[in-house]
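Please take me through this model step by step. Tell me what to select next and what I will find there.

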Amino acid sequence: VALKRYTYVHEGDAQVYGSLGESIDTVLTVYNNELRGGITVIRNYSDVPPVPLFPDEIEQVWTNVITNALQAMVGGGTLTIDIGSDERMAHVDITDTGQGIAAEVLPRIFEPFFT
C-alpha cells in the first residue's frame, strides 16, 4: 500500500489536507530495507490535525531528508522524527546520529547544485 501511495502521481497541483505522520511513514515504508541495516527509528508523533500540503512535494521532501540522514549514519544509528504543533503551526523535526556536515562544507550547503 505504501509503495502504491508513494508512486501515485496526484493530478494537478491541488493542495489537500493530509497527515504529516502518514506521509513520513509512507516514505519510511519505502526505505524499509535500508532501515534494517542497524538503523533505529524513533517516532514521536503528537496528535496534529491534518495540514494543507501538496502530497507529492511533501513526500519528496521527506525522501530527500531521510536519504541524507541514512547516508550520514554509516554503519547504523538512530533516526528520530518528532511531529508536534503550537498554537499557529505544525512542525516536524528530523534528527540523526550521523557524523554531521563538515565545517568547511557547511557554508555552501544552500548553493544550487552543490553536493
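The tour below goes from confidence to the sheet, then to the helices, the core and two single residues.

**Stop 1: confidence**

Start by colouring the chain by pLDDT, since this is a predicted model. The mean pLDDT of the protein chain is 88. Of its residues, 88% reach 70 or more. Now select residues 2-7, which form helix α1. Among the elements of the chain, α1 has the lowest mean pLDDT, at 49. Strand β4 has the highest, at 97.

**Stop 2: the sheet**

Select β2, β4 and β5. These three strands make an open sheet in the order β2-β4-β5, and the pairing is mixed. Which strands stand at the edges? They are β2 (39-45) and β5. Each has a single partner strand, so one side of each is left without a neighbour in the sheet. From one strand to the next, the twist averages 10°.

Look at the two pairings in turn. β2 and β4 run parallel, and seven bridges join them. Find Asn-44 here: Asp-82 in β4 stands opposite.

Next, show residues 77-85 and 90-96, which are β4 and β5. This pair runs antiparallel and is also joined by seven bridges. Select Ile-83, whose bridge partner in β5 is Val-92. Then follow the chain from β4 to β5: the two strands form a hairpin, with four residues between them.

Pick any one strand and show its side chains. In a regular strand, side chains alternate between the two faces of the sheet.

**Stop 3: helices on the sheet**

Add helix α4, residues 55-72. This helix lies across β2, β4 and β5. Its direction is at about 20° to that of β5.

Add helix α2, residues 20-30.

**Stop 4: the core**

Show nonpolar side chains. In soluble globular proteins, such side chains tend to be buried together. In this model, the largest nonpolar core has 19 residues. Select Leu-28, Trp-62, Ile-66, Leu-70 and Leu-79, which have the most contacts inside this core. Which elements give two or more residues to the core? They are α2, β3 (51-53), α4 and β4. Helix α4 gives the most, with five residues.

Stay on Leu-79 and show what surrounds this residue. Leaving out residues up to four places away in sequence, Leu-79 touches a list of residues that includes Leu-28, Ile-39, Val-41, Ile-66, Ala-69, Met-73 and Ile-94. Thr-40, Thr-95 and Asp-96 are also among them.

**Stop 5: Ser-23**

Go back to α2 and select Ser-23. Is Ser-23 buried or exposed? Ser-23 counts as buried because its relative accessibility is 7%, and the cut-off for buried is under 20%. Beyond its neighbours within four places in sequence, Ser-23 is in contact with Ile-58, Glu-59 and Trp-62. Zoom in on Trp-62: its side chain and that of Ser-23 are joined by a polar contact of 2.8 Å. Now select the C-alpha atoms of Ser-23 and Gln-60. They are 9.8 Å apart, although 37 residues separate them along the chain.

**Stop 6: Gln-71**

Finish in α4 with Gln-71. Gln-71 is exposed because its relative accessible area is 55%, and exposed means over 50%. Last, select Gly-98. Its C-alpha atom is 8.1 Å from that of Gln-71, and the two residues are 27 apart along the chain.

Notes: Residues are numbered from 1 along each chain as its sequence is written. This is a predicted model: local features need pLDDT of at least 70, side-chain atom pairs count only at pLDDT 80 or more; totals for chains, interfaces and linings use all residues. Side-chain values use heavy atoms; hydrogens and water are left out. Buried means under 20% relative accessible area, exposed over 50%, partly exposed in between (1.4 Å probe, protein chains only). Contact means heavy atoms within 4.5 Å. A polar contact is a pair of N or O atoms within 3.5 Å; within protein, one must be able to donate a hydrogen and the other to accept it, and residues adjacent in sequence count only if both atoms are side-chain atoms. Two strands pair if DSSP finds at least two bridges between them. pLDDT is the predictor's confidence in each residue, from 0 to 100. Axes are lines fitted to C-alpha atoms, for helices over the stretch in contact, and angles run from 0 to 180 degrees between N-to-C directions. A nonpolar core is a set of buried Ala, Val, Leu, Ile, Met, Phe, Trp, Tyr and Cys residues joined through side-chain atoms within 4.5 Å.
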